[in-house]
Amino acid sequence: MERCPNCFAPGYQQGGCSRCGFQAAYDKRSPRVLPAGTVLAGRYYLGRLLGEGGFGITYKAWDLKTSVLCAVKEYAPNGITWRGADKRRLVLGKSEDEKPYQAGLHRFMEEAQILSRLEQIPSVVDITYSFQENNTAYFVMEFLDGADLKQIVKASKGRLPVEEVTDIILQVALSMDVIHTKTKIIHRDISPDNIYITRDKKVKLIDFGSAKQTITGAAGGLSVLVKPGFAPPEQFSSQMVQGSYTDVYALAATYYYALTGQMIPTAQERLAGANYVPLKQMNLGILESVSDAVDQALALNISQRTQTMQAFIRGIAPAAGRRQQVRRKTAFVRVVKGPEAGLHWTLVPGQEVTIGRSDTEAQLRLRQPEDVSRVHCRITWMPERGKFRIQDLSTYGTYYQGRRLNKGVLYEVSPPARLMLASAVCVIELGVREENQ
């Protein structure tokens with residue numbers, strides 16, 4: 001049965017999905033993309049297109065075996081491959097493209113192998129399976145629902161809180177520190193568009209297509225792969241030494257971009273004399289020591305640059321420590337006059353509660369005085385309006401500011417507010433206090 005390309009509910013019609021509202025028109029595909037509904041490896045049902053780059057295509061997918069959402073990445077270099085007549089198999093346009101195609105296929109499978117070795121590291125996207133089919137290769141990853149850091153920065157117009165940005169970068173740095181020390185793998189393509197933040201605030205580093213296993217300080221020979229504004233000078237040459245400090249530079253440049261919305265000049269431009277404004281001169285509330293740590297991580301000279309992620313973490317960690325405590329408003333009812341003075345209750349936002357003498361009908365029970373009705377009044381705290389809603393239900397009345405409230409009528413009052421229940425013998429206060437979360 002055909003499934004929705006977005007939520008994978010069965011019974012999907014081309015006009016749209018009644019469950020999630022997905023429309024076929026939302027899923028624009030080029031001829032090089034596999035059709036929705038294609039099943040790979042006998043279990044991965046392909047849905048809508050997630051991304052189409054120069055070397056790969058990523059699909060949202062449904063695992064028919066486990067009934068779990070996932071993402072499937074396909075090796076499909078643009079410009080040298082086409083879909084065959086069956087709309088599945090990849091074919092080469094020219095015979096001379098065979099060698100570069102196979103070289104790229106090898107790198108793609110190498111990325112899958114690297115990711116499978118890093119599956120226990122929290123901030124690295126998980127890969128579950130890789131296979132070859134249709135004259136190409138695929139790997140299956142966890143589905144990430146959210147946005148990359150570049151998209152988030154653009155949406156915020158470069159105004160993300162320092163603490164939030166630092167927390168994201170620290171999570172990536174901690175994971176890369178483990179990767180560097182335990183596996184000797186360097187990512188070589190850390191950038192805002194390769195850091196993904198899910199809706200539930202998990203941080204994931206993606207795209208290990210440029211990653212290589214090396215020994216820090218080893219001889220050169222690595223391929224030239226650069227992302228302007230984030231790649232350090234050594235990545236512009238196949239013979240320069242690359243190591244953990246290569247990723248440190250890229251992550252520091254990413255941190256700078258996320259805080260300011262601006263990329264630093266490319267390494268080549270900086271070598272020619274261009275420079276950037278230090279964070280401490282941009283009125284961002286950054287500690288001078290944190291700004292200096294970023295500057296050191298962005299040093300063009302490898303010997304002067306921060307060498308390890310651990311050292312970079314120590315440098316920027318104080319920015320996370322400056323997070324202000326979040327204040328939470330808690331509403332309460334307190335007896336301020338009467339035989340039960342001092343008795344108080346905390347209110348749940350939006351929940352109606354009744355005050356009275358009844359053990360069965362009143363949530364907030366007052367034993368004294370007897371003039372208080374079994375169910376005297378109803379109170380609701382409405383945080384979205386910053387007010388209390390009051391309704392009198394009594395025999396002898398509820399009074400606010402000396403005036404008796406009309407029975408059954410809803411009133412709104414701002415805190416702090418005092419109510420007399422029946423008489424001045426019993427007075428309650430409706431208030432709000434701030435607490436640290």
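Biologist: Which side chain meets that of Arg385 in a salt bridge?

Modeller: This is a predicted model: local features need pLDDT of at least 70 and side-chain atom pairs count only at pLDDT 80 or more, while totals for chains, interfaces and linings use all residues. Residues are numbered from 1 along each chain as its sequence is written, and side-chain values use heavy atoms, leaving out hydrogens and water. A salt bridge puts a side-chain nitrogen of Lys or Arg within 4 Å of a carboxyl oxygen of Asp or Glu. Here the N to O distance is 2.9 Å, and the partner of Arg385 is Glu412.

Biologist: How many residues apart are Arg385 and Glu412?

Modeller: Strands (E, at least two residues) and helices (H or I, at least four) are DSSP runs, numbered from the N terminus. Arg385 is in the loop between β18 and β19, whereas Glu412 is in strand β22. The pair links distant parts of the chain, and the separation is 27 residues.

Biologist: What is the relative accessibility of Glu412?

Modeller: Buried means under 20% relative accessible area, exposed over 50% and partly exposed in between, with a 1.4 Å probe and protein chains only. Arg385 is at 48%, so it counts as partly exposed. Glu412 also counts as partly exposed, because its value is 35%.

Biologist: Which residue pairs with Arg334 in a salt bridge, N to O at 2.5 Å?

Modeller: The contact links strand β14 to strand β24, 95 residues apart. Arg334 is partly exposed, because its relative accessible area is 33%. Its partner is buried at 11%. That partner is Glu429.

Biologist: How many salt bridges does a search of the whole structure find?

Modeller: Side chains of opposite charge can pair when their charged atoms come close. One case joins Arg365 and Asp359 at 3.8 Å, N to O. Another is a network linking Asp189, Asp193 and Lys227. The whole-structure total is 16.

Biologist: Which residue in β8 is the bridge partner of Phe131?

Modeller: Two strands pair if DSSP finds at least two bridges between them. Six bridges join β7 (residues 127-133) to β8, running antiparallel. Within this pairing, Phe131 has as its partner Tyr138.

Biologist: Which residue in β8 stands opposite Cys70?

Modeller: Strand β8 spans residues 136-142, and six of its seven residues are buried. Five bridges join β4 (residues 68-75) to β8, again antiparallel. Opposite Cys70 stands Glu142.

Biologist: Which residue in the turn of the β7 and β8 hairpin has a positive phi?

Modeller: Most residues other than glycine have a negative phi, and most peptide bonds are trans. The hairpin has two residues between its strands, and one of them has a phi of about 60°. This residue counts as buried, because its relative accessibility is 13%. It is Asn134.

Biologist: What is the phi of Ser67?

Modeller: Ser67 is in the loop between β3 and β4. At 46% relative accessibility, it counts as partly exposed. Ser67 is not a glycine, yet its phi is positive, about 60°.

Biologist: What is omega at the cis peptide bond that joins Pro415 and Pro416?

Modeller: Pro416 is placed in the loop between β22 and β23. The bond joining Pro415 to Pro416 is cis, with omega at about -5°.

Biologist: How far apart are the end C-alpha atoms of helix α3?

Modeller: Helix α3 has 22 residues, 162-183, and Lys184 follows with a positive phi near 65°. The expected span is 1.5 Å times one less than the number of residues. That gives 32 Å, which agrees with the model's end-to-end distance of 31 Å.
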